[in-house]
Amino acid sequence: MVEWARLDYLKDTQVNISSEFSIIKKYLSGIGASYLTTNGINLAGGDDCAVIAANSKLLISTDTSVAGVHFLKSMPAESIAYRSVATALSDIAAMGGNPIAFNLSLVMPNFNSDWMKAFKKGLQKISREFQFPLIGGDIAKGPLQISVTVLGKPEKKYLLRSNAQSGDVLCLSGALGSGYIGLKEYKRSGELNSKTKPYLFPSAQIAYGRMIASIASSAIDISDGIVQDLSHLSSSSGVGCNVDLDEVPVVDKQYKKQCLEFGDDYQLLFTVPPKKLFTLQAKLNSCKKKCHTIGVMGGKKLILTNNQGSMRNWDHFQ
Ligand SMILES: [Mg+2]
């Protein structure tokens, strides 16, 4: 009886159960294992759940990357793995937190050992860089997509997108457009070089976020382009903003509009009370990090201008 039940089950499942477990064991286990104890992880993998000894608040965020939508299927698997985790990490950076662990769900159309080996390499790379382990996940068969849940610990104060005040200075952690230029260059050359690296291996601004956590009044990461993400920050906070787009730094002025609108940059957009701006700039400068001031919060409208006059103008409050 037991034997029949088992065969029926195998016939109905899409992925061969034994191979799923062996793939997980070989390619998704032990990644960042040396960080488990320091990050308060009691149990990772091998059981139904991971166990975390959380004696403080935790930040949790999930991000799904779909082939053909968020990345090119032809990209190296090392990069696909790395950037899927990095884009999820960026949300922890936007809250001013420090990552402690991540979970990963991988849906793929077929199994290829070379691809999986490179995928594992990408996970190991980002795990090492931010010193946080993979603590669980699963594999299923289907169109390629990766879903990553990141857990983090906030600093004493965590940053929200809803706390910008009228009069606060709007700041940006770095120039925009490296995602756009990187993808454009990758489509042309198919190579890893200084232009494509920010797209293939984007940097989550974890250190920057932690540095501004106690000083900034609000923050958001730029994943969808400055216009979109500024409108989120502005409407969440219930305060408008006036931005001169010519003041926003971009990596390639020839493609200014695309650099502003494309997204995939993972820089932080944040607000600072004017009397704290000097302290913040000094703190960032001491770590060789930049802070670009690009506008001032105020009014009830989001007004974006450039040298041709008003480019976009939203009113979320009417
Ligand atoms: Mg975000």
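In the predicted model, E261 has a relative accessible area of 26% and is therefore classed as partly exposed. This residue belongs to helix 9, which spans residues 256–261. Its side chain meets that of K257 in a salt bridge, with a distance of 3.2 Å from N to O. The two residues are four positions apart in helix 9, so about one helical turn separates E261 from K257. K257 is likewise partly exposed, with a relative accessible area of 48%. E261 also lies 8.1 Å from Q228, C-alpha to C-alpha, although 33 residues separate E261 and Q228 in sequence.

The pair formed by E261 and K257 belongs to a wider set, as a search of the whole structure finds five salt bridges. Side chains of opposite charge can pair when their charged atoms come close. A further pair within a helix is that of E185 and R188, whose side chains meet in a salt bridge at 3.0 Å, N to O. Both residues lie in helix 5 (residues 178–189) and are three residues apart, so that about one helical turn lies between E185 and R188. The two partners differ in their accessibility class: E185 is buried, with a relative accessible area of 12%, whereas R188 is exposed, at 63% relative accessibility.

The salt bridge between R210 and E155 has its closest N and O atoms 2.8 Å apart. R210 is part of helix 7, while E155 is found in the loop between strand 6 (145–154) and strand 7 (169–172), so this pair ties together parts that are 55 residues apart in sequence. R210 counts as partly exposed at 35% relative accessibility, and E155 is partly exposed as well, with a relative accessible area of 30%.

At the level of the whole chain, the domain assignment gives domain 1 (2–154) and domain 2 (169–314). Their contact draws on 24 residues from domain 1 and 19 residues from domain 2. The C-alpha centres of the two domains are 29 Å apart. Between them, domain 1 and domain 2 bury about 1700 Å², of which 65% is on carbon and sulfur atoms. On the side of domain 1, the residues that lose the most area to domain 2 are R83, A93 and A94, which together account for 26% of what that side buries.

Polar and charged pairs also occur between the domains. Five residue pairs are in polar contact between domain 1 and domain 2, with both residues at pLDDT 80 or more. One salt bridge is found across the interface of domain 1 and domain 2. D264 and R83 form a salt bridge in which the closest N and O atoms are 3.6 Å apart. The elements that contribute two or more residues to the side of domain 1 touching domain 2 are helix 3, strand 4 (97–108) and helix 4 (113–130). Helix 3 gives the most to that side, with 12 residues.

Q205 occupies the loop between helix 6 (197–200) and helix 7 (206–212). With a relative accessible area of 16%, Q205 is classed as buried, because buried means under 20%. When neighbours within four places in sequence are left aside, Q205 is in contact with A93, S173, Y266, Q267 and L268. One of these partners, A93, is also among the residues of domain 1 that lose the most area to domain 2.

The model further contains a magnesium ion, whose protein donors are D91 (OD) and D221 (OD), at 2.1 to 2.2 Å from the ion. D91 is located in helix 3 (residues 77–94) and D221 in strand 8 (residues 218–221), so the pair ties together parts that are 130 residues apart in sequence. The two donors fall into separate accessibility classes: D91 counts as partly exposed at 22% relative accessibility, whereas D221 is buried, with a relative accessible area of 3%. Helix 3, which holds D91, is also the element that gives the most residues to the side of domain 1 touching domain 2.

Technical notes:
Residues are numbered from 1 along each chain as its sequence is written. This is a predicted model: local features need pLDDT of at least 70, side-chain atom pairs count only at pLDDT 80 or more; totals for chains, interfaces and linings use all residues. Side-chain values use heavy atoms; hydrogens and water are left out. Donors are N, O and S atoms within 2.8 Å of the metal (3.2 Å for Na, K and Ca); water is not among the atoms, so sites may look incomplete. Buried means under 20% relative accessible area, exposed over 50%, partly exposed in between (1.4 Å probe, protein chains only). Domain bounds come from an automatic or database domain assignment. Contact means heavy atoms within 4.5 Å. Buried area is the accessible area (1.4 Å probe) that two parts lose on being put together, summed over both. A salt bridge is a side-chain nitrogen of Lys or Arg within 4 Å of a carboxyl oxygen of Asp or Glu. A polar contact is a pair of N or O atoms within 3.5 Å; within protein, one must be able to donate a hydrogen and the other to accept it, and residues adjacent in sequence count only if both atoms are side-chain atoms.
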